[in-house]
Amino acid sequence: MASTGVNVLRYSALGAGIFYGIYHQAKLSSASKLAAINREYEHKQSLINQAKAEFSKKNAPASAKTASGGIISDPNDSRFDLEAYLNDLDAKTS
């Protein structure tokens with residue numbers, strides 16, 4: 001038969017192990033929840049940044065939408081500037 005002191009030691013170790021297990025599990029689950037919240041926040045932030053980029057691309061001024069340095073080369077466009085187009089063409093050839 002085990003003495004009373006050994007039984008107290010065994011049950012104390014068992015109780016300490018149970019309390020440590022509960023503490024450790026709570027710490028792991030809270031870290032998991034925090035990581036999930038951070039992933040969700042980063043995902044939302046990337047969606048917001050993507051929407052901002054699309055909005056700025058969609059609503060950019062018409063002069064910024066031109067491909068060749070802001071010069072409109074389409075003669076049918078109402079903002080076509082012949083002098084600016086010819087100066088740009090001259091600068092490219094020389």
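Me: Before we get to Phe19, what relative accessible area does a residue need to count as exposed?
Reply: Buried means under 20% and partly exposed is what sits in between, so the cut-off for exposed is over 50%. Keep in mind that we're looking at a predicted model.

Me: So is Phe19 buried or exposed?
Reply: Phe19 is found in helix α1. Its relative accessibility is 62%, and the cut-off is over 50%, so Phe19 counts as exposed.

Me: Which residues make the nonpolar surface patch of about 600 Å²?
Reply: Phe19 is one of them, and this residue belongs to helix α1. The full set is Tyr11, Leu14, Ile18, Phe19 and Ile22.

Me: How many helices and strands are there in the protein chain, and what share of its residues count as buried?
Reply: The chain has two helices and zero strands. It exposes about 8100 Å², with carbon and sulfur atoms supplying 61% of that. Of its 94 residues, the share that counts as buried is 2%.

Me: Where is Ser73, and which residues is Ser73 in contact with, leaving aside neighbours within four places in sequence?
Reply: Ser73 sits in the loop between α1 (4–58) and α2 (82–93). With a relative accessible area of 46%, Ser73 is partly exposed. Its C-alpha is 9.3 Å from that of Ala84, 11 residues away in sequence. As for contacts beyond those neighbours, Ser73 touches Phe80 and Tyr85.

Me: What kind of aromatic pair do Phe80 and Tyr85 form?
Reply: The structure holds one aromatic pair. Phe80 and Tyr85 make it, at 5.8 Å centre to centre and 50 degrees between the planes. Stacked needs under 30 degrees and edge-to-face over 60, so a pair at 50 degrees is tilted.

Me: Why are Lys44 and Glu40 about one helical turn apart, and how far apart are the closest N and O atoms of their salt bridge?
Reply: They're about one turn apart because four residues separate them in helix α1. Lys44 is partly exposed at 46%, and Glu40 is partly exposed at 44%. The closest N and O atoms of their salt bridge are 3.3 Å apart.

Me: What is the N to O distance between Glu54 and Lys57?
Reply: Both lie in helix α1, three residues apart. Glu54 is partly exposed at 44%, while Lys57 is exposed at 55%. Their side chains meet in a salt bridge with an N to O distance of 3.8 Å.

Me: Which residue does Asp77 meet in a salt bridge?
Reply: Asp77 is partly exposed at 22% relative accessibility. The N to O distance in its salt bridge is 3.2 Å, and the partner is Arg79.

Conventions:
Residues numbered from 1 in each chain as written. Predicted model: local features only at pLDDT ≥ 70, side-chain atom pairs only at ≥ 80, totals over all residues. Heavy atoms only, no water. Buried < 20%, exposed > 50% of the residue type's maximum accessible area, 1.4 Å probe, protein only. Contact = heavy atoms within 4.5 Å. Patch = residues over 30% accessible without salt bridge, like charges linked within 9 Å, V, L, I, M, F, W, Y side chains within 5 Å. Areas by Shrake-Rupley, 256 points an atom, 1.4 Å probe, with all protein chains shown as cover. Salt bridge = Lys/Arg side-chain N within 4 Å of Asp/Glu carboxyl O. Phe/Tyr/Trp six-rings, centres within 6.5 Å; stacked < 30°, edge-to-face > 60°.
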